[in-house]
Amino acid sequence: MPGNVAFTMEQPNAKQKEFLLSEKKFVAYGGARGGGKSWAARRKAELLAFNYRGIRILLVRHTYGEVYKNHVLPMLEDLAPFIRAGAVDYAKAENAFRFAGGSRIECGYLESDKDLLRYQGIEYDVIFVDEATQVTEYQYQTLLASLRGANRFPKRVYLTCNPGGVGHAWVKRLFVDKVYRPGEKPEEYEFIRATVYDNPALMEKDPDYVARLEQLPPGKREAWLEGNWDVFEGQYFPEFTVGIHTCPPFIIPQHWRRYFAMDYGLDMFAGYWAALDEKGDCWIYREVYQPNLRMSEAAELARRKTGAEMLDGCFAPPDMWNRRQDTGFTVADAFAGQGIYLIRASNDRVTGWLELKEWMKIREDGTPRMRIFESCKNLIGSLPMLIHSQKDPSDVDTEPHEFTHGPDAIRYLLAGRPAPADPPRQEEEWEERDEYRDTLSFLEFGR
Ligand SMILES: Nc1ncnc2c1ncn2[C@@H]1O[C@H](COP(=O)(O)OP(=O)(O)OP(=O)(O)O)[C@@H](O)[C@H]1O
Ligand SMILES: [Mg+2]
């Protein structure tokens, strides 16, 4: 019986202690490599199962192999005296530890959306996601639907995380940037930041581990050693830097060539206006970024935002010429109806992304060929969030999907090969034009 077996464990370090004692509903722990995250998650799950009767705990990792190696095997060791005493039993088929008080810890994995089916309809009191940045926001949100139950145990979610991965953006938003959407209660979230330096056990056991982290190339080093969430492993455009690739808005000179590029879907209409100066440098000066617009509404909005500007080209991906089953019209038709004549731009993804990298390259004078006005907030927020696809590392991953709309539109802009501006006209010529304009507006006014 458990009465004569004591649960002994190593002492938690200060940060782990904070995590073990935290009472918030959503707690994230870590933020860098080696901070003792998996240890803390596993220990907390075990302590909860010992201390509360009849609760159901889920502990997930990205893959079965990872959960088995990082949690099942260590737990079999941690709990061995109890398993021998018959107070805990490991049900291999369910990958679950069942405690004498009726609580259970299920070790699961979330490698793809279809793995969510395993948890559908099951009620959990506590959910742990070890390496939460390996799961997408959709997977996380769907998993949260299983956080419920009729008992009085307060429902809890515990995450551990490293920067990088498909879940980088949503974890960063909730726990690092603390930007909340309607319905999310800021007071329910807590981030306990821990790096390898907070884990004396590891520093003692494996001093080389710290040395290895310290020797990582820039980017990976800041992310994994220092827990910097702005540069991270797997990021597609680590070169993108606010202040270098962005600039305060200014009035675009008359003689620069202007272009428009867009991507349209019901989930998002992302459109950008860009101007090319006579050197061929590109300035992205206006953004529309709006979900849930019908194609006619998107076209009207683009027209309105363009105002009286003359556009030298409007670029869009080939699927804008697909006929909608219901109306028989294409998105291109809708835009043509507003006087915006779209030009089909290549949707060769990899070529497009590499091209964008070329435009972002810093030249000898310290400037890139492309700059974005600070007012184009969604594009600026999206570019650093894109990650390499695991299937084709030269491509951008289509997840997190919400950050792909703006950069996709810019890809179409570049694929459209926008041309540089001609040199400005002579002074007199402008005056003449202005006079002509005055006459025109006078005539219109008089009508
Ligand atoms: N409080 C502790 N006492 C003794 N050993 C510990 C403690 N915390 C962590 N460790 C040990 O330190 C090592 C690293 O811990 P852990 O695997 O939990 O870190 P992690 O943050 O999950 O690392 P990674 O980023 O590589 O996933 C492991 O060997 C673990 O057993
Ligand atoms: Mg770990």
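Accessible areas here come from the Shrake-Rupley method with a 1.4 Å probe. I note at the outset that the model is predicted.

**Entry 1. The chain as a whole**

I looked up the exposed area of the chain and found about 22,400 Å², of which carbon and sulfur atoms supply 52%. Of the 447 residues, 50% count as buried. I then took the extent of the chain along its principal axes, and its C-alpha atoms fill a box of roughly 100 × 55 × 35 Å. The secondary structure consists of 15 helices and 15 strands.

I next asked about contacts across the sequence. Among contacts with a separation of 6 or more, residues 24 or more positions apart account for 69%.

For charge, I recorded 58 positive and 68 negative side chains. The centres of these two sets lie 6 Å apart.

**Entry 2. Cysteines**

How many disulfides does the structure hold? I found 0. C161 is in no disulfide, and the nearest cysteine sulfur to it, that of C107, is 20 Å away. I also noted that C161 is buried, at a relative accessible area of 0%.

I then turned to C314. The closest cysteine sulfur to that of C314 belongs to C282 and is 14 Å away, which is too far for a bond. A disulfide requires the two sulfur atoms to be within 2.5 Å. C314 counts as buried, with 5% relative accessibility.

**Entry 3. Aromatic rings**

I searched the whole structure for aromatic pairs and obtained 25. I examined the pair Y64 and Y68: the ring centres are 5.8 Å apart and the planes meet at 25°, so I entered the pair as stacked. The cut-off that matters here is a plane angle under 30 degrees.

Where do Y64 and Y68 lie relative to each other in helix 3? They are 4 residues apart in this helix, which covers residues 64-78, and are therefore separated by about one helical turn. I checked the accessibility of each ring-bearing residue as well. Y64 is partly exposed at 41% relative accessibility, and Y68 is partly exposed at 27%.

I also recorded one aromatic cluster, formed by F250, W256, W283, Y285 and F373.

**Entry 4. Y90**

I followed Y68 to one of its contacts, Y90. Y90 is found in strand 3, residues 88-91. Is Y90 buried or exposed? Its relative accessible area is 17%, and I entered Y90 as buried, because buried means under 20%.

Leaving aside residues up to four places away in sequence, I listed what Y90 touches: Y68, V72, L76, N95, A96 and F97. I also took the C-alpha to C-alpha distance from Y90 to R104, which is 9.6 Å for a sequence separation of 14 residues.

**Entry 5. A145**

My last position was A145. A145 lies in the loop between helix 5 (137-144) and strand 7 (156-161). I found A145 partly exposed, with a relative accessible area of 47%. The residue I compared it with in space was E123. A145 and E123 are 22 residues apart in sequence, and their C-alpha atoms are 8.5 Å apart.

How values were computed: Residues numbered from 1 in each chain as written. Chains lettered and ligands numbered in written order. Predicted model: local features only at pLDDT ≥ 70, side-chain atom pairs only at ≥ 80, totals over all residues. Heavy atoms only, no water. Buried < 20%, exposed > 50% of the residue type's maximum accessible area, 1.4 Å probe, protein only. Helix = DSSP H or I, 4+ residues; strand = E, 2+ residues; numbered from the N terminus. Contact = heavy atoms within 4.5 Å. Lys, Arg positive; Asp, Glu negative; His and termini not counted. Charge placed at Lys NZ, Arg CZ, Asp CG, Glu CD. Phe/Tyr/Trp six-rings, centres within 6.5 Å; stacked < 30°, edge-to-face > 60°.
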